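User: Please take one close look at the ligand site and the empty spaces in the protein. I would like a single connected account in plain words.

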Amino acid sequence: MDTASLNQYFSIEGHLHFETGRGGLTKAVVNNTYALCELYLQGAHIVSFKPHNREELLWVSSTAQYASGKAIRGGVPLCWPWFGPDPENAGRPQHGFARNALWTFVDASVNQRGETVLKLVLHKSSESYKVWPFTFEAEYSIIVGNSLRLELSTKNRDSTPFTLTQALHTYFAVDAIEQSRVENYVGKRYIDKLLENRECVQEGDLRFEDEVDRIYLDEDLYCILSDSRRSVKVSKQNSKSTVIWNPWREKASSMGDFDDEGYRNMVCIETANAAFDARILNPGECHTLVQTIEVWL
Ligand code: BG6
């Protein structure tokens, strides 16, 4: 559907309109009494969440690419239906195909609190079947209020079970990485991907002085990301794993779409079902991963 048709069917005065964004890609723009939120239909990729009178919560690389079939570096890419490298080692893309696929916008409404609710779906297609031979339905609900609530539901519409790993790969903006910390993980176990997946235990708040790439094994826990100006709360449901990532200087500069100094102003906190937290969905089953982000202080 083109931008004019999307506006005709789904725009809501005082809440939602569609426009052509960077690279000619279609973008949904929510601007309600609570916040501004922008999302590309490609990848159902949120690139901005800014509650009014607050600073932007999300980070996007200044060298991010906006092009058909390419994931945007920053915001909230969807890693789905697998997290990380191809689990079958068959040369399929890292983090699955949902972040590069064109999602279908199916509904927009306003709830009782005056928040804007968007729904997008992704179904099996001939393209998806080539890389992941299952019949599925993914539905992504985005609720824009004082907080940003994301609900990613996966339904198995196939006659065989499938394994799902996934992440809401959220890039948070921080004002200075060395002064930033993640709280509420003291004593929690994590897998350190930089130490050959060794299992470690968190001592003190997580601070950033070098590259970090970890999967925290937690139970529907929340965490708080604080920098020198604010604290952001990240809470979740149906997830027992959280990925925390900062590539630091060298890795960032090896990535063409990651601005060299950008690592100073971002931290990824990714609500996930990853590693030991993979889910098997039997035919007819549905699993919903939920993440809510809000300014806490
Ligand atoms: C994180 C992983 O989730 O995503 C990292 O833990 C990875 O290992 C990072 O480098 C970025 O992945 P990509 O595919 O977007 O470059």
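Analyst: A polar contact here is a pair of N or O atoms within 3.5 Å. The model is predicted, and the distances below are computed from it.

Start with Asp213. An N or O atom in the side chain of Asp213 is 2.5 Å from an oxygen atom of the ligand, so this pair counts as a polar contact under the 3.5 Å limit. The side chain of Arg73 also has an N or O atom facing a ligand oxygen, at 3.0 Å. For the side chain of Gln94 the corresponding distance to an oxygen atom of the ligand is 3.1 Å. Of the 400 Å² of accessible area that the ligand has on its own, the protein covers 85%.

Which residues surround the ligand? Besides Arg73, Gln94 and Asp213, the surrounding residues are Phe83, His95, Arg99, His169, Lys193, Val243, Trp245 and Glu270. By class, this shell has five charged, three polar and three nonpolar residues.

Now the space that holds the ligand. The ligand sits in the largest pocket, whose volume is about 420 Å³. The lining of this pocket is made up of 24 residues. Those nearest the pocket centre are Arg73, Gln94, His95, Arg99 and Trp245, and these names also appear among the residues around the ligand. Two or more residues of the lining come from strand S11 (166–173), and likewise from strand S19 (241–246). By class, the lining of the largest pocket has nine nonpolar, seven polar and eight charged residues.

The second largest pocket contains about 210 Å³ of space. Phe83 and Lys193 help to line this pocket, and both are also in the shell around the ligand. The other lining residues are Trp82, Gly84, Pro85, Pro87, Thr165, Ile191, Asn197, Ile215, Ala274 and Ala275. Sorted by class, the lining of the second largest pocket has eight nonpolar, three polar and one charged.

Closed spaces come next. Rolling a probe the size of a water molecule over the atoms shows where empty space is left. How many cavities of 30 Å³ or more are there? The count is one. The largest cavity has a volume of about 40 Å³. Its lining consists of Ala173, Val174, Leu225, Ser226, Asp227, Arg230 and Val232, which divide into four nonpolar, one polar and two charged residues.

Two details of the backbone complete the account. The peptide bond between Trp80 and Pro81 is cis, with omega at about 0°. Pro81 belongs to the loop that runs between strand S5 (78–79) and strand S6 (104–110). Asn184 is not a glycine, yet its phi is positive, at about 90°. Asn184 is found in the loop between strand S12 (181–183) and strand S13 (189–192).

Notes
Residues are numbered from 1 along each chain as its sequence is written. This is a predicted model: local features need pLDDT of at least 70, side-chain atom pairs count only at pLDDT 80 or more; totals for chains, interfaces and linings use all residues. Side-chain values use heavy atoms; hydrogens and water are left out. A residue is near a molecule or strand if one of its heavy atoms lies within 4 Å of it. A polar contact is a pair of N or O atoms within 3.5 Å; within protein, one must be able to donate a hydrogen and the other to accept it, and residues adjacent in sequence count only if both atoms are side-chain atoms. Accessible areas come from the Shrake-Rupley method with a 1.4 Å probe; for residues, only the protein chains shown count as cover. On a 1 Å grid over the protein atoms alone, a cavity is a set of points where a 1.4 Å probe fits but cannot get out, and a pocket is an open set with protein on both sides within 12 Å along at least five of seven lines; lining residues have an atom within 4 Å of a point. A molecule sits in a cavity or pocket if more than half of its atoms lie within 2 Å of its grid points. Ala, Val, Leu, Ile, Met, Phe, Trp, Tyr, Cys and Pro count as nonpolar, Asp, Glu, Lys and Arg as charged, and the others, Gly among them, as polar. Grid points are joined across faces, edges and corners, and a volume is the space filled by probe spheres set on the points. Helices (H or I, at least four residues) and strands (E, at least two) are DSSP runs, numbered from the N terminus.
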